[in-house]
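Please open the model in your viewer and keep the sequence panel beside it. The stops below are meant to be selected one after another.

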Amino acid sequence: MSDIVTPHIERMKKSVANLKEEFNSIRTGRASASLFDKIRVDCYGDKSPLPQVASISIPEARLVVIQPWDKGLISEIEKALQKSELGLNPSNDGKVIRIAIPPLTEERRKDLVKQSKALAEQSRVAVRNIRRDANDALKKAQKNGEITEDGLKAEETSLQKSTDSFIQEINKILDEKEKEIMEG
């Protein structure tokens with residue numbers, strides 16, 4: 001890989017990592033601490049991520065227990081959970097918040113799979129756009145005499161292999177997420 005292609009490969013890696021992060025916030029039928037990563041809580045006049053103001057544990061497959069480090073934040077955490085798009089019903093006993101994760105309906109599962117497929121397609125498009133940018137940069141470098149015609153072909157072939165590899169990885173991640181949603 002040349003210095004021209006390497007930054008583009010890094011961008012492709014970030015696209016795949018971003019997809020994984022997005023998939024973590026898609027609810028399945030099981031309890032998962034990563035569901036709450038994007039929830040922000042009003043904390044002393046600031047919006048803080050939920051994992052920074054409370055511990056999140058999963059004592060059972062369908063139960064989440066959130067224990068705030070400051071008991072005064074319990075109502076703020078509860079409000080943030082109710083406002084979230086997760087559609088969960090938190091209940092608190094003054095010390096901890098318990099959330100029972102209800103099983104997903106078949107219709108909801110299909111919607112989540114559709115949402116997952118759309119996110120995966122966005123990632124595939126992003127990877128292909130990055131490949132196009134890298135190819136443009138290589139052609140420009142060849143025009144400027146920085147690399148030879150043979151060097152250009154070799155770099156383009158290498159870039160295409162990397163692109164195919166990232167697309168395969170995206171498809172694999174999507175397949176795993178679909179299975180997780182449908183079995184939930």
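The tour goes from a pair of helices to a buried side chain and then to a pair of strands.

This is a predicted model, in which local features need pLDDT of at least 70 and side-chain atom pairs count only at pLDDT 80 or more, while totals for chains, interfaces and linings use all residues. Residues are numbered from 1 along each chain as its sequence is written, and side-chain values use heavy atoms, with hydrogens and water left out.

Select first residues 6-24, helix α1, together with residues 106-143, helix α3, which pack at an angle of about 170 degrees with their axes 9 Å apart (axes are lines fitted to C-alpha atoms over the stretch in contact, and angles run from 0 to 180 degrees between N-to-C directions; helices are DSSP runs of H or I with at least four residues, strands runs of E with at least two, numbered from the N terminus). The two helices are therefore roughly antiparallel, a term for angles over 145 degrees. Among the residues making the contact (heavy atoms within 4.5 Å) are M12, L19 and F23 of α1 and L119, V127 and I130 of α3.

Stay on α3 and select R124, which lies in this helix. At 11% relative accessibility R124 counts as buried, that is, under 20% relative accessible area with a 1.4 Å probe and protein chains only. Leaving aside residues up to four places away in sequence, R124 touches K117, I167, I170, N171 and L174.

Finally, select residues 54-60 and 63-68, strands β3 and β4, which pair in the antiparallel sense over five bridges (pairing requires that DSSP finds at least two bridges). Here S57 has V65 of β4 as its bridge partner, and a hairpin joins β3 to β4 through two residues.

Technical notes:
Angles under 35 degrees count as roughly parallel, over 145 as roughly antiparallel, 65 to 115 as roughly perpendicular and the rest as oblique. Buried means under 20% relative accessible area, exposed over 50%, partly exposed in between (1.4 Å probe, protein chains only).
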